[in-house]
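Hi,

Here is the structure I promised to pass on. Please open it alongside this note, and read on for what turned up.

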Number of protein chains: 2
Amino acid sequence: MHMALVAESPTATSFAEVAADLKASQAHELEAVNEVILDHLSSSVPLIPEVASYLIKAGGKRLRPLMTLASGQLCGAPAEKPRLLAAAVELIHAATLLHDDVVDDSALRRGLKTANIIFGNKESVLVGDFLFARAFQLMVKTGSLRVLDVLSAASCTISEGEVLQLETQAKTATTKDQYIQVVSAKTAALFAAATQSGAIVGDAPEPVEDAFYQYGLNFGIAYQLVDDALDYDSATVAIGKTAGDDFREGKMTLPVILAIADARGTEERAFWERTLGEGVQAEGDFERACDLMARDRVIPRALDAAAAYAEDAASALSVVSPAPLRSQLEDLARRSVVRRS
Amino acid sequence: MHMALVAESPTATSFAEVAADLKASQAHELEAVNEVILDHLSSSVPLIPEVASYLIKAGGKRLRPLMTLASGQLCGAPAEKPRLLAAAVELIHAATLLHDDVVDDSALRRGLKTANIIFGNKESVLVGDFLFARAFQLMVKTGSLRVLDVLSAASCTISEGEVLQLETQAKTATTKDQYIQVVSAKTAALFAAATQSGAIVGDAPEPVEDAFYQYGLNFGIAYQLVDDALDYDSATVAIGKTAGDDFREGKMTLPVILAIADARGTEERAFWERTLGEGVQAEGDFERACDLMARDRVIPRALDAAAAYAEDAASALSVVSPAPLRSQLEDLARRSVVRRS
């Protein structure tokens, strides 16, 4: 488990740098994907492109479309299909963000006000539905029923993960297995479908398609594990993400699951039960949670767990013919635990 | 415009009777559709089938799946495909109901508490997403990309209609054309896709497919027009629907659009502006709205408008080979203005 050590080294190449390199090498394709997205936001109802483009322009790392483009290219797909799919995957992602922010009552995302705050919860629900439906229209254009099958199944899984997350909220008895189930469904399923569908439109043989599925799935789990660890890292406040959101919402992420397991004595257990189980929080509680986590080295351990998934992601690609793009994907996975945003 | 007179005659065959006859003649197929639906509500997350089956068991008229079954049969489709499609259409409908009730803050539907009241808004948003995704999985099983194209486009249109409805809410200057645009999108698009997709899986020639599209579209408009008229009919209170909901929410439906156009003098215009535009309502306001509508014969005129669409629906089927089922559909359209629920 050396990755957590890498994660703590300020001189290692960061995830952001590897992602930026990949983004730069795909700049032309990403531009084409953006055009497809913008074309498909048009509507006779002006509020729809307004809400949607607010969200989509707010940016984000475009990781999912990048992965679809990369797997499509590595499997020799003609350029058009991975572009359509990359756009579809990004629209599904945008739709889930709109609905997530309503469900979580979120006010900030990447340092900007969320769409539900600016436009309203109702608008966010309905525009999310619109984007979701548009994503399916894009998939139809690939002419591949298998892609539609994979992405509709992934969409089911995402909502199941979101519902399960809602059900485990404030349940301090939530286990690591349940948490991994939530993360696999709500986050990793879309990464897995993104990479797998690129392989499908490249007519990849089954072992290669499966390798891309495994890559996306394990990358997604690692990515969410790191994200959840960063929520207990005060350094993240500086870069726009609001640290402590998960704590305030009583989300049962790996850091709190590990911290609760390590609680010493009645008073500490009562602290977690009050703050997370009952949702009764006072000033200083979040700081105390972080202190207890620091004492028990909870964050490095959560990053170790992430690193194991990241390694599984990278090694899954060994069946894919060597290529610079394959190395970039492997690198992206291995560096996903070296993040500050 | 004789239909409104029929609508007022208590001895005419009612919509409910024609619909019950159709339902009875399709009982075996509907049973198969129910099985498909129940099979596809299964999930590792128990809350999902709980919310979904609450909604689906609450019943409703099953009009959309009936229409898909009917058009499929009239076009000679093998039984399996219309069943899958009918289930998909009903799941899309259920998903939109879950999201609608959140958006409208509704508490009652068909005399029962809504899912958002029993299970929560968040749960309704997420389970709606799940049902929507499941619907697409069912469509994939038909093997028809055209069906997916038609139903994903219809799903886009539905959300556009919902957003437009939200935008016209409390806008007393809303025109009849804008209202028809809302109704065509939020309600009629799904009926149109339901009947059209049955024709598609029956490999119907283009004019027949188009006839079924026109049937569903015009039926859907008529159906919603009648629904909106019933919201200003105190008799509907008795059968579980809450009359006055649209008035309380400031929804710009045809009855209020006609009533505002006929308002006499400053005081009446101020009444509509206060109650609908500003949403400031006091006891007796709804009754006064109904009285003003009665004076200007607003409801019969709204039903006349519905009857014209119903007639267009029925006559669209003239290109379809005569059959008892075709007559039932024509009858269903023509009787859609003879309703009390």
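In this predicted model, start with α4(B) and α6(B). Their axes are 11 Å apart and make an angle of about 100°. An angle of 65 to 115 degrees counts as roughly perpendicular, so α4(B) and α6(B) are roughly perpendicular to each other.

Which residues meet there? From α4(B) come B:Ala52, B:Leu55 and B:Ile56. Facing them in α6(B) are B:Ala94, B:Leu97 and B:Leu98. The make-up of this contact between α4(B) and α6(B) is six nonpolar residues, with no polar and no charged ones.

Now the contact between the chains. Chain A and chain B each put in 36 residues. On the side of chain B that touches chain A, the elements giving two or more residues are α4 (47-57), α6 (80-103), α8 (121-141) and α9 (145-168). So α4(B) and α6(B), the pair described above, are both among the elements on that list. The largest share of that side, 14 residues, belongs to α9(B). By type, the side of chain B that touches chain A has 20 nonpolar, eight polar and eight charged residues.

How are the copies related? Chain B superposes on chain A by a rotation of 180°, with 0.0 Å of shift along the axis and an RMSD of 0.0 Å. The two copies are thus related as by a two-fold rotation axis. Both copies use the same surface: 100% of the contact residues of chain B recur in chain A.

Best wishes

Technical notes: Residues are numbered from 1 along each chain as its sequence is written. Chains are lettered from A and ligands numbered from 1 in the order in which they are written. This is a predicted model: local features need pLDDT of at least 70, side-chain atom pairs count only at pLDDT 80 or more; totals for chains, interfaces and linings use all residues. Two residues are in contact if their C-beta atoms, placed from the backbone, lie within 7 Å. Helices (H or I, at least four residues) and strands (E, at least two) are DSSP runs, numbered from the N terminus. Ala, Val, Leu, Ile, Met, Phe, Trp, Tyr, Cys and Pro count as nonpolar, Asp, Glu, Lys and Arg as charged, and the others, Gly among them, as polar. Copies are superposed by least squares on the C-alpha atoms of residues with pLDDT of at least 70 in both. Axes are lines fitted to C-alpha atoms, for helices over the stretch in contact, and angles run from 0 to 180 degrees between N-to-C directions. Angles under 35 degrees count as roughly parallel, over 145 as roughly antiparallel, 65 to 115 as roughly perpendicular and the rest as oblique.
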